[in-house]
Amino acid sequence: MTEKILVVGAIIVDDLDRPTRLLAARRCRPAELAGRWEFPGGKVEPGEEPTAALIREIAEELRVEIEVGAELAHPAAGCWPISSVYAMRVWFVRITSGEPVPADSHDAVRWTETSDLGQLDWLPADVAVVQALVREIPEKLDVDGFRARHPRL
Ligand SMILES: Nc1nc2c([nH]c(=O)n2[C@H]2C[C@H](O)[C@@H](COP(=O)(O)OP(=O)(O)OP(=O)(O)O)O2)c(=O)[nH]1
């Protein structure tokens, strides 16, 4: 069986310990995904560390530097399924330098209160990730707790 291509995504939060807002990005390409919201990021290149790919993608797409925090792993599989071709891993991250601006992958970025996440029209594969976030929000997005409850496989 062929390995799926790994996509990495950033859950950009205002504070890694006590997040209250999250930066969602609206895709502008390809046409079938345009207008839907996602966790900015992209494909890991051959030989690249996933978190290095995340830092690279966020610099390319939003022109900011980030610190990578805890991973939000799929509770059973580790990776979040996207399609027969792609699987995704996502991490909480914090911006350490710069102001996020959409480059060529997005036409909007929006800081969203964690309570309003369900209002956005997310990419289909991201809905499960958002649901996992929403389930955890009453616990103030306790990222250490996340790490304990969703250990990487
Ligand atoms: N970045 C990202 N991609 C996602 C998410 N959810 C989801 O289904 N995808 C899909 C969309 C794409 O089909 C696939 C790859 O993502 P991408 O197009 O952002 O990758 P990339 O930046 O490396 O792409 P490119 O420069 O080669 O065009 O993953 C998400 O939350 N973030």
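Classified by residue type, the shell around the ligand comprises nine nonpolar, four polar and four charged residues. The model is a predicted one. In total, 17 residues surround the ligand, and the closest of them are E38, F39, G42, K43 and A125. Two or more residues of this shell are supplied by each of strand 1 (5–13), strand 4 (41–43) and strand 7 (86–97). The largest share, three residues, is contributed by strand 4.

Strand 2, spanning residues 21–27, has six of its seven residues buried and is therefore largely enclosed by the rest of the structure. The pairing of strand 2 was examined with respect to strands 1, 3 and 8. With strand 8 (residues 106–113), strand 2 forms seven bridges in an antiparallel arrangement, and within this pairing A25 is positioned opposite V109 of strand 8. Strand 1 and strand 2 also run antiparallel and are joined by two bridges; here, I12 has L23 of strand 2 as its bridge partner. Strand 3 (residues 37–38) is likewise paired with strand 2 in the antiparallel sense, over two bridges, with W37 of strand 3 serving as the bridge partner of R26.

At the level of annotation, an unreviewed UniProt entry assigns "domain: Nudix hydrolase" to residues 3–134. Over residues 3–134, helix accounts for 16% and strand for 39% of the span. The C-alpha atoms at the two ends of this span are separated by 30 Å.

Notes:
Residues numbered from 1 in each chain as written. Predicted model: local features only at pLDDT ≥ 70, side-chain atom pairs only at ≥ 80, totals over all residues. Near = placed C-beta within 6 Å. Helix = DSSP H or I, 4+ residues; strand = E, 2+ residues; numbered from the N terminus. Nonpolar A, V, L, I, M, F, W, Y, C, P; charged D, E, K, R; others polar. UniProt positions renumbered as here; feature names shortened; annotations may be inferred. Buried ≥ 20, exposed ≤ 12 C-beta atoms within 10 Å, placed from the backbone. Pairing = 2+ DSSP bridges.
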